[in-house]
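Okay, thanks for coming, everyone. I'll put the structure up and then walk you through it.

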Amino acid sequence: MDGQNDQHGDSGEPKTVPQNETPAIVVQYFKMAMLFLQQYGWFVVFGVIGVVFLWSKVQPHLLQWKKKREDEQEYTQYKKDPDLIQSRQEAMDAARLRLQEKHDTQAAKHAEIQKKLDEEKRLNKIKDWEQHQQGKGYRSKYKPEESESSTTGRLPKPKNKRPLRGSDYNPLTGGAGSGYRPSRQGGGTGGG
């Protein structure tokens, strides 16, 4: 009997489940829009394409006009307040000065490193010359340990590369693959 009470209310009448219906005005506007698109759809498509085309042509001129207008406003503002020009110029000079100082410090560091490298090269040349004078040879036959450790990270190039074609291939012999010849492009040679 519990199942029967679920289907019927307290008064014994069957329960009605409320339906969620779309309002009539929404359905009416939807039908009108669909009817309009069915009748004038291609006009709408071509109209949108035309508007996009015109916008692509007008937009650069519009942006140029806006920039010109902003420049004129900025000019009038500078004309009214010359201190603004001075403050902006000082800010630009300060920024340039900071960048120049940064560049100078980097250049000094680089020059110091370059000096150290040049000094090492000079000492190596002196050492090599002294060894040459002592009869031990002009230059060392083996590379220093530092360069060996740096080259261990690299992969050696493979020496055994196989050729792309066999050794018996000769393109002048007209071997395989040369069976196609394009037709002549000349037209009729008759006189008129």
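**A quick tour of the chain**

So, to start with burial: of the 192 residues in this chain, 2% count as buried. Keep in mind that this is a predicted model. The accessible surface adds up to about 19,800 Å², and carbon and sulfur atoms account for 57% of that.

As for the fold, we have 4 helices and 0 strands, so reading along the sequence you get α-α-α-α.

Let's look at helix H3, residues 82–134. How far apart are its end C-alpha atoms? They are 77 Å apart, and 53 residues at 1.5 Å a residue should span 78 Å, so the two agree. Right after H3 comes Gly135, which has a positive phi, near 90 degrees. Towards that end, Gln131 lies in H3 and is partly exposed, at 23% relative accessible area. If you leave out neighbours within four places in sequence, Gln131 contacts Lys136 and Gly137.

Now the charges. The whole structure has 5 salt bridges, and I'll show you some of them. In H3, the side chains of Glu119 and Arg122 pair up at 2.6 Å, N to O. Those two are 3 residues apart in the helix, so about one helical turn separates them. Glu119 is partly exposed at 34%, and Arg122 is partly exposed too, at 42%.

Also in H3, Glu112 and Lys116 form a salt bridge at 3.9 Å, N to O, and here the spacing is 4 residues, again about one turn. Glu112 is partly exposed at 48%, while Lys116 counts as exposed at 51%; the cut-off for exposed is over 50%.

Over in helix H2, Asp71 and Lys67 make a salt bridge, 3.9 Å from N to O. They sit 4 residues apart, about one helical turn. Asp71 is partly exposed at 39% and Lys67 is exposed at 52%.

Why does that spacing work? An α-helix has 3.6 residues a turn, so residues three or four places apart point the same way.

Last stop, the nonpolar side of things. Which residues make the nonpolar surface patch of about 900 Å²? They are Phe30, Met34, Phe36, Leu37, Tyr40, Phe43, Val44, Val48 and Val52. Take Val44 as an example: it's in H2, which runs over residues 24–80. Val44 has a relative accessible area of 32%, so it is partly exposed, and patch members need over 30%.

That's my tour; over to you for questions.

Terms used:
Residues are numbered from 1 along each chain as its sequence is written. This is a predicted model: local features need pLDDT of at least 70, side-chain atom pairs count only at pLDDT 80 or more; totals for chains, interfaces and linings use all residues. Side-chain values use heavy atoms; hydrogens and water are left out. Patches are made of residues with over 30% relative accessible area and no salt bridge: like charges are joined within 9 Å, nonpolar side chains (Val, Leu, Ile, Met, Phe, Trp, Tyr) within 5 Å. Accessible areas come from the Shrake-Rupley method with a 1.4 Å probe; for residues, only the protein chains shown count as cover. A salt bridge is a side-chain nitrogen of Lys or Arg within 4 Å of a carboxyl oxygen of Asp or Glu. Buried means under 20% relative accessible area, exposed over 50%, partly exposed in between (1.4 Å probe, protein chains only). The expected span of a helix is 1.5 Å times one less than its number of residues. Contact means heavy atoms within 4.5 Å.
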